[in-house]
Every structure is written in structure tokens, then in C-alpha cells.
Amino acid sequence: MKDAIETDILVIGGGMAGIGFAAALGEGRKVLVLEQERDLAYHSTGRSAAIYIRNYGNGPIRALNEASGPMFKAESEYFPHPLLTPRGILYIADGARAHEIGKLAATSVGVEEISADAAIAKVPLLSPYYVKAAAFEADAQDIDVHALHQGWLKKAKGQGASVLTGQEVLRAERANGSWQVETMDHQITANLIVNAAGAWADELARRCNVAPVGLQPLRRSMAVLPVPNGYDAAHWPLVDEVTEDFYFKPDGGRLFVSPCDEDPVDPHDAFADDMVLAEGLHRFEQAVNMEVTRVERSWAGLRTFAPDRSPVVGFDGGTEGFFWLAGQGGYGIQTAPALSKFAAELAENRTPELHHLVEPLSPTRFNEGN
Ligand SMILES: Cc1cc2nc3c(=O)[nH]c(=O)nc-3n(C[C@H](O)[C@H](O)[C@H](O)COP(=O)(O)OP(=O)(O)OC[C@H]3O[C@@H](n4cnc5c(N)ncnc54)[C@H](O)[C@@H]3O)c2cc1C
């Protein structure tokens with residue numbers, strides 16, 4: 001016999017999206033968050049590069065980035081330490097792609113072109129034979145992802161939300177105006193399902209007899225290397241090849257290097273592909289004065305995108321009581337403050353402050369005829 005639970009709002013997924021949404025709801029609603037893993041934030045949220053870049057992503061993403069920036073600094077009750085710390089991002093290009101630097105600076109806010117020499121002065125590991133053009137975005141910041149997630153978790157629980165881990169949603173049915181949701185141990189009655197299932201969001205929709213919207217998880221990998229002797233990387237910015245061939249950033253005395261892979265995969269517990277890492281590290285080696293002799297460890301995570309690379313947020317067009325909060329791609333941490341608020345406002349039938357994003361993010365944009 002399964003344990004019966006009744007709730008008003010059932011949030012499925014305990015990553016940044018689900019926990020941020022639960023925190024943004026405020027008091028007065030009965031909220032339950034379900035997570036299939038034993039630990040929250042085990043998937044994409046726990047595997048990010050933890051960076052805030054205002055000029056990263058398409059138009060709707062940039063609007064969310066801009067709105068989120070000041071919000072990272074609010075709510076000191078839950079975040080006693082700053083969530084953002086200065087990092088900066090240095091865009092570099094070789095001779096063949098030097099023209100891309102000017103294009104980037106022209107279409108961004110706060111990105112200044114600098115000389116190749118100035119770039120190498122910032123990051124002496126860079127090779128003068130490679131770097132022919134560069135630009136710097138001073139406003140890019142490191143995000144304390146763990147503190148953000150934990151702070152929102154504390155806030156959500158303080159407002160009365162419950163969280164159950166190790167409970168995968170197996171199936172759900174809508175009948176007589178409410179959902180019957182089944183996990184291994186529980187039979188849950190809910191008025192509203194919030195789909196914050198990350199890479200599994202389309203799969204979760206199918207389990208609820210809701211049409212998927214066409215989300216695609218793309219794998220992204222990261223290698224951890226020792227900083228070569230003689231360099232102090234602590235204050236280096238993140239260095240990004242301007243067309244996203246690779247990027248690297250210092251972290252805790254190590255270099256995190258990503259090949260910027262975007263390989264389509266089914267949702268799963270992702271791990272790095274050795275060949276993808278090797279090819280990416282080869283591209284990285286062309287740009288720096290070091291040979292990669294040892295990879296200390298590596299990981300991969302899934303960045304899940306809708307076909308137009310904008311998030312999918314709002315009530316489903318075909319099924320009552322089903323709300324999407326998915327498709328955050330490679331921006332789900334830096335957009336989380338504004339996106340959580342936006343989603344909570346919509347789910348509670350309030351007009352979002354960012355009302356111009358309702359249509360571009362709506363799941364109904366994928367319905368036939370639109
Ligand atoms: C290598 C890498 C670097 C990145 N760097 C950045 C960055 O610098 N800045 C940035 O903003 N973003 C970055 N991202 C993207 C960011 O990590 C994601 O957009 C964000 O974490 C998505 O959060 P989420 O809560 O939607 O997904 P997740 O954290 O994956 O959470 C979804 C949860 O739903 C659960 N779930 C799924 N199905 C079920 C079910 N049936 N029942 C119960 N639970 C279920 C899963 O177990 C999972 O825990 C990066 C991602 C990767 C992989």
C-alpha cells in the first residue's frame with residue numbers, strides 16, 4: 001500500500017529550477033518537491049561552470065540575465081555571503097577568427113576590444129602565436145551555485161514546502177480536476193504539476209500523457225588540469241575562444257577546461273567522452289604555452305535546449321494543470337533568479353514583471369498552427 005499525500009503544487013525536479021521555483025512561490029500554498037535521486041542538485045545543477053555572463057545567449061536569455069544580475073544580491077537572510085564574485089571573461093581569437101571579436105563587441109553590452117598583448121598580460125599562459133584579437137567583459141562573475149541552491153531550499157522549507165528525495169515520478173493521470181501521481185512509495189494528489197525535470201522534462205511530460213515540446217539534452221564536458229608551475233591563476237578571468245571552440249577558467253588552484261561539446265544524447269547520468277575531451281584539449285593546447293600531460297578528473301552534464309534555445313515556461317496548451325519550467329540550456333543558473341520569479345508569477349496567474357517574455361517562452365509556441 002503506497003503512502004497517500006495531498007498537495008496543491010507538485011514540483012518535479014530538485015535542481016536549481018525546481019528549488020528556485022518553490023522559493024519564489026512565497027507562503028500560502030501547499031508545495032511538495034519530488035526528486036528522483038537521493039541528493040538534490042545531482043544532475044545539471046551540480047555540474048555547471050558556475051559563471052554569470054550577461055552577454056551569453058539569445059535575446060530572451062539576455063533579458064533574463066540582465067534581470068537576474070541585481071537579484072543575486074538580494075535576500076541576505078538566506079545568502080549571508082555574496083553569491084557573485086568578480087571573474088571577468090576574456091574572449092580570444094586566432095588570426096582566422098579575429099573578425100568575430102569586433103562582431104561580438106558590437107552586439108554586446110560592456111564588452112571592450114583589447115589588444116592581444118593586453119590579453120596575454122591578463123593571462124600569461126596564452127600563446128602570442130595564437131591570440132590575434134581579444135575582448136574583455138569585466139562584469140562576468142563566478143556564482144556560488146551551492147549557496148544559491150541551499151539558500152532557496154531553506155527559504156522554500158521555511159515557507160512550508162516539503163521535499164522528498166529518492167522518489168521518481170513513474171506516471172501521472174489527470175482526472176476530475178486533479179492529478180494522481182505515482183512514485184515507488186507514494187500516491188500523490190495534486191492540483192498543479194510543475195515540470196522542472198531538466199533533461200527528463202519531455203520524458204516526464206510523456207509519463208503525464210502530455211505532448212513533449214521537443215527538448216534535446218546536449219552533453220557538455222569538463223577536464224580538470226593542474227595549473228602549470230610558475231603561474232598564479234587565481235585572478236585570471238574565464239578565457240573563451242570567441243566561437244566557443246573551448247573555454248577555461250581557474251578554480252581552486254586548478255584549471256577547468258571545456259571542449260564546449262554539444263553532443264545530443266538521451267537523458268542519463270552523464271559522463272565525459274574521452275575522445276571529445278582529447279580533441280577539445282588539443283584545441284586548448286594550440287592557444288596556450290602548455291602541454292596537457294595529466295587530466296586529474298573530468299565530468300559531464302546535460303544542457304537541455306528547446307529548438308529555439310529559449311526556455312519553456314508556462315501552462316501547457318493541451319493539458320490543464322501542467323506547467324513547464326524546462327529548457328534552460330547552458331544558462332539555468334545565471335537566469336535562475338529572474339526565471340524562478342517569472343515562473344511563479346505565471347503559475348499563480350499573476351502578470352509577470354517580465355511580461356514581454358510570456359510569448360517567447362510559452363510552451364504553446366511549439367503547438368501546431370503557431
Ligand atoms: C558543463 C556545464 C556547464 C554549465 N555552466 C553553466 C554556467 O556557467 N552558468 C549557467 O547559468 N548554467 C550553466 N549550465 C547549465 C545549468 O547547469 C542548467 O541549465 C541548470 O542546472 C538546469 O537546472 P534544472 O533544475 O533544470 O536541471 P537539473 O539540475 O538537472 O534538475 C532536474 C532534476 O529533475 C530530476 N528528475 C527528472 N525526472 C524526474 C522524475 N521523473 N521524478 C523525479 N525527479 C526527476 C532529476 O533527477 C534532476 O535532479 C551548465 C551546464 C553544464 C552541464
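Is C260 buried or exposed? In this predicted model, C260 counts as buried, because its relative accessibility is 9% and the cut-off for burial is under 20%. The residue sits in the loop between β16 (254–258) and β17 (263–264). Its backbone is also notable for its sign of phi. C260 is not a glycine, yet its phi is positive, at about 55°. Most residues other than glycine have a negative phi.

A second cysteine, C208, is buried as well, with a relative accessible area of 2%. The count of disulfides in the model is 0. For a pair to be counted, the two cysteine sulfur atoms must lie within 2.5 Å.

N209 follows in the numbering. Its phi is positive too, near 60°, and N209 is likewise a residue other than glycine. N209 belongs to the loop between α6 (201–207) and β13 (216–226). Its side of the accessibility scale is the exposed one, because its relative accessible area is 63% and the cut-off for exposure is over 50%. Thus C208 is buried at 2%, whereas N209 is exposed at 63%.

The chain is divided into two domains. Domain 1 is assembled from three segments, 3–64, 144–214 and 307–366. Domain 2 is built from two, 89–138 and 216–305. The contact between them draws 24 residues from domain 1 and 28 residues from domain 2. The C-alpha centres of the two domains are 30 Å apart. By these bounds, C208 and N209 fall within domain 1, and C260 falls within domain 2.

Two further loop positions were examined, one in each domain. A233 lies within the bounds of domain 2, in the loop between β13 and β14 (238–241). A233 is buried, because its relative accessibility is 6%, and burial means under 20%. Leaving aside residues up to four places away in sequence, A233 touches V227, P250 and L255. Y52 is 181 residues from A233 along the chain, and the C-alpha atoms of the two are separated by 19 Å. Y52 falls within domain 1.

E320 lies within the bounds of domain 1, in the loop between β19 (312–315) and β20 (322–326). Its relative accessibility is 58%, so E320 counts as exposed. Exposed though it is, E320 touches R174 and W179, again not counting residues up to four places away in sequence. E320 and N191 are 129 residues apart in sequence, but their C-alpha atoms are 9.5 Å apart in space. A233 is thus a buried loop residue, and E320 an exposed one.

The model holds 4 cavities of 30 Å³ or more. The second largest encloses about 50 Å³ of space. Its lining is made up of M16, A17, L325, Q328, G332, T335, A336, L339 and S340. By class, 5 of these residues are nonpolar and 4 are polar. No charged residue takes part in this lining. Two helices, α1 (16–24) and α8 (336–347), each supply at least two of the lining residues. The greatest share comes from α8, with 3 residues. A336, L339 and S340 lie within the bounds of α8, and M16 and A17 lie within those of α1. L325, also in the lining, falls within β20.

Terms used:
Residues are numbered from 1 along each chain as its sequence is written. This is a predicted model: local features need pLDDT of at least 70, side-chain atom pairs count only at pLDDT 80 or more; totals for chains, interfaces and linings use all residues. Side-chain values use heavy atoms; hydrogens and water are left out. Buried means under 20% relative accessible area, exposed over 50%, partly exposed in between (1.4 Å probe, protein chains only). On a 1 Å grid over the protein atoms alone, a cavity is a set of points where a 1.4 Å probe fits but cannot get out, and a pocket is an open set with protein on both sides within 12 Å along at least five of seven lines; lining residues have an atom within 4 Å of a point. Grid points are joined across faces, edges and corners, and a volume is the space filled by probe spheres set on the points. Helices (H or I, at least four residues) and strands (E, at least two) are DSSP runs, numbered from the N terminus. Ala, Val, Leu, Ile, Met, Phe, Trp, Tyr, Cys and Pro count as nonpolar, Asp, Glu, Lys and Arg as charged, and the others, Gly among them, as polar. Domain bounds come from an automatic or database domain assignment. Contact means heavy atoms within 4.5 Å.
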